Amino acid sequence: MATSLRTREGGPAAGRPAFRRTRGEGPFRYATTGAGVLLLVIMAAIAVFLIIRAIPALRANTANFFTEQVWSPNGTTPVFGIAALAFGTVISSLLALIMALPVAVGVALFISHYAPRRLAGVLGYVIDLLAAVPSVVYGLWGVIFLVPFMVGPSQFLNTYFGWIPLFGGDQVVGRSILTGSVVLAIMILPIIAAISREVFLQAPKSLEEASLALGATRWEMIRMSVLPFGRPGVISAAMLGLGRAMGETIAVALIFPATFEITFRVLSANGNSIAANIANGFGEATDVGRGALIASGLVLFVITLLINMAARLIIARRREYSGNG
């Protein structure tokens, strides 16, 4: 009775939880708001810094920055463009995502719905541990082991599937876009698997039990109840992994052939990325060269920012992930 009177007399609206204010609520609220604002300020400061440092080089450039494939900013007549680097970044990251996503989703489903509890705990720990391995370790492993190993599979793909433009060409080498994409796929797999696992574990147990009670097999239950529920989370995890692949530096810098050419032949000695080019060329760059590299970094910054924003929009489409449910 007292609760209903308090509600009618201006208390909390029906259905909303009533929170008791404490002394620390105000400072905590201001601290969290300030942290969010500070993050936005830092991102804006980074963007402004990149723009200011890139403008002199862009003015000195004698070619179209967005369409030129040549990268020669250190000469007396600077000529450079982002076309080949952006193309290599996108195609290698997409190939890595195509290879990593099915495996990561399968691992996540196995841990969340098939593996025994003890085995699931161990596998989850291993997946999280793989995400913490430094990228230089993956790069060294790729150069020492994967580059020689990929010669055989690359020749097989070129021989039997060379009619596909992706695997065509007369020259097949170990240091190629495909090898770099394999390393990137291994690097982003733990991220996608870990996020997908947590999403699948949040699937309503009532839906799963109802599907099993109606006679569905475990796979039918997963296909009808778990996967539809977790689809937005898996998509956002994939996009976060894609952003990680696009921004990876050391591993791809050690593996990519560092050429500037737009080609779909991922088995040939062609390929480069924005991040790898920055790592390889910053130490010997002139003032204009450093400005050119910073300009390419600005492009990469915008691309990754757009990818992360798209991931957040996908999450916000589902009430369960938006934080407003």
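**Loop residue S268 and a nonpolar patch**

In this predicted model, S268 lies in the loop that links α10 to α11 (274–281).

Me: Is S268 buried or exposed?
Reply: S268 belongs to the loop between α10 and α11. Its relative accessible area is 6%. Buried means under 20%, so S268 is classed as buried.

Me: Which backbone oxygen does the side chain of S268 reach, and at what distance?
Reply: Away from its neighbours within four places in sequence, S268 is in contact with Q171, V173, R175 and S176. Its side chain also reaches a backbone oxygen, that of R265, at 3.0 Å.

Me: Which helix supplies the largest share of the nonpolar patch?
Reply: The patch covers about 930 Å² of surface, and its residues include W141, F145, I186 and L254. At least two of its residues come from each of α5 (135–149) and α10 (250–255). The largest share, eight residues, is supplied by α5.

Me: Why is V137 described as partly exposed?
Reply: V137 is one of the patch residues and is found in helix α5. Partly exposed covers the range between under 20% and over 50% relative accessible area. V137 is therefore placed in that class by its relative accessible area of 42%.

Me: How far apart are the end C-alpha atoms of residues 123–152?
Reply: An unreviewed UniProt entry lists residues 123–152 and 172–195 among its "transmembrane region" spans. Residues 172–195 are 79% helix and 0% strand, with end C-alpha atoms 36 Å apart. Residues 123–152 are 87% helix and 0% strand, and their end C-alpha atoms are separated by 31 Å.

Key:
Residues are numbered from 1 along each chain as its sequence is written. This is a predicted model: local features need pLDDT of at least 70, side-chain atom pairs count only at pLDDT 80 or more; totals for chains, interfaces and linings use all residues. Side-chain values use heavy atoms; hydrogens and water are left out. Patches are made of residues with over 30% relative accessible area and no salt bridge: like charges are joined within 9 Å, nonpolar side chains (Val, Leu, Ile, Met, Phe, Trp, Tyr) within 5 Å. Accessible areas come from the Shrake-Rupley method with a 1.4 Å probe; for residues, only the protein chains shown count as cover. A salt bridge is a side-chain nitrogen of Lys or Arg within 4 Å of a carboxyl oxygen of Asp or Glu. Helices (H or I, at least four residues) and strands (E, at least two) are DSSP runs, numbered from the N terminus. Buried means under 20% relative accessible area, exposed over 50%, partly exposed in between (1.4 Å probe, protein chains only). UniProt positions are given in the numbering used here, feature names are shortened, and annotations may be inferred rather than shown by experiment. A polar contact is a pair of N or O atoms within 3.5 Å; within protein, one must be able to donate a hydrogen and the other to accept it, and residues adjacent in sequence count only if both atoms are side-chain atoms. Contact means heavy atoms within 4.5 Å.
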